[in-house]
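Trainee: Please pick one helix of this model and go through it closely. I would like to know which way its side chains point, what they pack against, and how the helix sits in the rest of the chain.

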Amino acid sequence: MPATADPHRTGIWYRHVRWMYRGARPNALARLLNGLSAQQYAAGLGPGHWVTLEVPGRRTGRLVSVPLVVADHDGGRYLVAMLGERANWVANVRAAGGRAVLRHGRREPVRLVEVPVADRAPILRRHLALAPGARPHVPVDRHAPAADFARIAAGFPVLRILPDIPPAPGRAD
């Protein structure tokens with residue numbers, strides 16, 4: 001179902017959030033709010049599924065901090081790119097070989113591994129249940145059947161969170 005077909009997805013909230021991320025890139029207001037959220041989440045303020053992802057920028061090497069929501073599903077933890085394949089943090093994680101740090105009151109070195117498209121649908125649904133701010137960017141209602149999520153899954157990277165175990169001394173990873 002396209003986003004415009006659902007009358008609940010055309011309200012002022014949805015229009016405003018889509019405006020903040022026009023072209024799948026945050027505007028100045030979104031960058032400001034994301035910066036504040038990243039500090040809040042990193043400090044551990046708010047629910048446990050609010051985290052700040054820290055990953056080196058692929059061009060500058062400077063640490064990039066992004067507020068995200070961790071979706072739990074079948075015993076695993078996942079990050080979802082609400083803006084799809086063009087999300088900058090996804091490109092940075094890929095360039096870093098999946099290594100990053102999650103912060104929520106403490107630092108957690110992690111390795112992020114992409115989930116196959118065929119396995120993404122239930123994780124996408126769970127993510128929308130936990131992340132109201134993502135709903136305007138995903139063209140499926142959070143209550144839609146799994147088949148609708150499967151139809152859009154290829155456009156939304158999902159990364160499984162695993163502990164980052166450093167390579168043994170003398171071994172390159």
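Mentor: What follows takes up helix α3, after some remarks on the chain around it. The model is predicted, with a mean pLDDT of 86 for the protein chain and 85% of its residues at 70 or more. The weak stretch is residues 1–8, where pLDDT stays under 50. The model has 10 contacts beyond four places in sequence for that stretch. Where pLDDT is low, the predicted coordinates should not be read in detail.

The protein chain has five helices and six strands, in the order α-α-β-β-β-α-β-β-α-α-β along the sequence. Of its 173 residues, 39% count as buried. Among contacts with a separation of 6 or more, 62% join residues 24 or more positions apart. The accessible surface comes to about 9300 Å², and 59% of this belongs to carbon and sulfur atoms.

Now to the helix. α3 covers residues 88–95, and its buried residues are W89, V90, N92 and V93. Seen down the axis of α3, these buried residues fall within an arc of 160°, so they line one face of the helix. That face packs against strands: the buried residues of α3 meet β1 (50–56), β2 (63–73), β3 (76–80), β5 (107–114) and β6 (158–163).

R94 also lies in α3, but it is not on the list of buried residues. Its relative accessible area is 36%; buried would need a value under 20% and exposed one over 50%, so R94 counts as partly exposed. Leaving aside neighbours within four places in sequence, R94 is in contact with E85, E114 and P157. In space, the C-alpha of R94 is 8.7 Å from that of L112, a residue 18 places away in sequence. After the helix comes G97, whose phi is positive, near 65°.

β6, one of the strands packed against the buried residues of α3, holds L162. With a relative accessible area of 32%, L162 is partly exposed. Beyond four places in sequence, L162 is in contact with V110, R111 and V113. The C-alpha atoms of L162 and R77 are separated by 8.0 Å, although the two residues are 85 apart along the chain.

Another helix makes a useful comparison. In α4 (residues 121–130), the buried residues are A121, I123, L124, H127, L128 and L130. They pack against β2, β3, α5 (146–152) and β6. The strands β2, β3 and β6 therefore appear in the packing of the buried residues of α3 and in that of α4.

Helix α2 (residues 28–42) concerns the surface instead, supplying four residues, the largest share, of a nonpolar patch. The patch measures about 450 Å² and is made by W19, L29, L32, L33 and L36. L36 is in α2 and, at 48% relative accessibility, counts as partly exposed.

To return to the request: the buried residues of α3 line one face of the helix, and that face packs against five strands, β1, β2, β3, β5 and β6.

Technical notes
Residues numbered from 1 in each chain as written. Predicted model: local features only at pLDDT ≥ 70, side-chain atom pairs only at ≥ 80, totals over all residues. Heavy atoms only, no water. pLDDT = per-residue confidence, 0-100. Contact = heavy atoms within 4.5 Å. Patch = residues over 30% accessible without salt bridge, like charges linked within 9 Å, V, L, I, M, F, W, Y side chains within 5 Å. Areas by Shrake-Rupley, 256 points an atom, 1.4 Å probe, with all protein chains shown as cover. Salt bridge = Lys/Arg side-chain N within 4 Å of Asp/Glu carboxyl O. Helix = DSSP H or I, 4+ residues; strand = E, 2+ residues; numbered from the N terminus. Buried < 20%, exposed > 50% of the residue type's maximum accessible area, 1.4 Å probe, protein only. Arc of directions from axis to C-beta.
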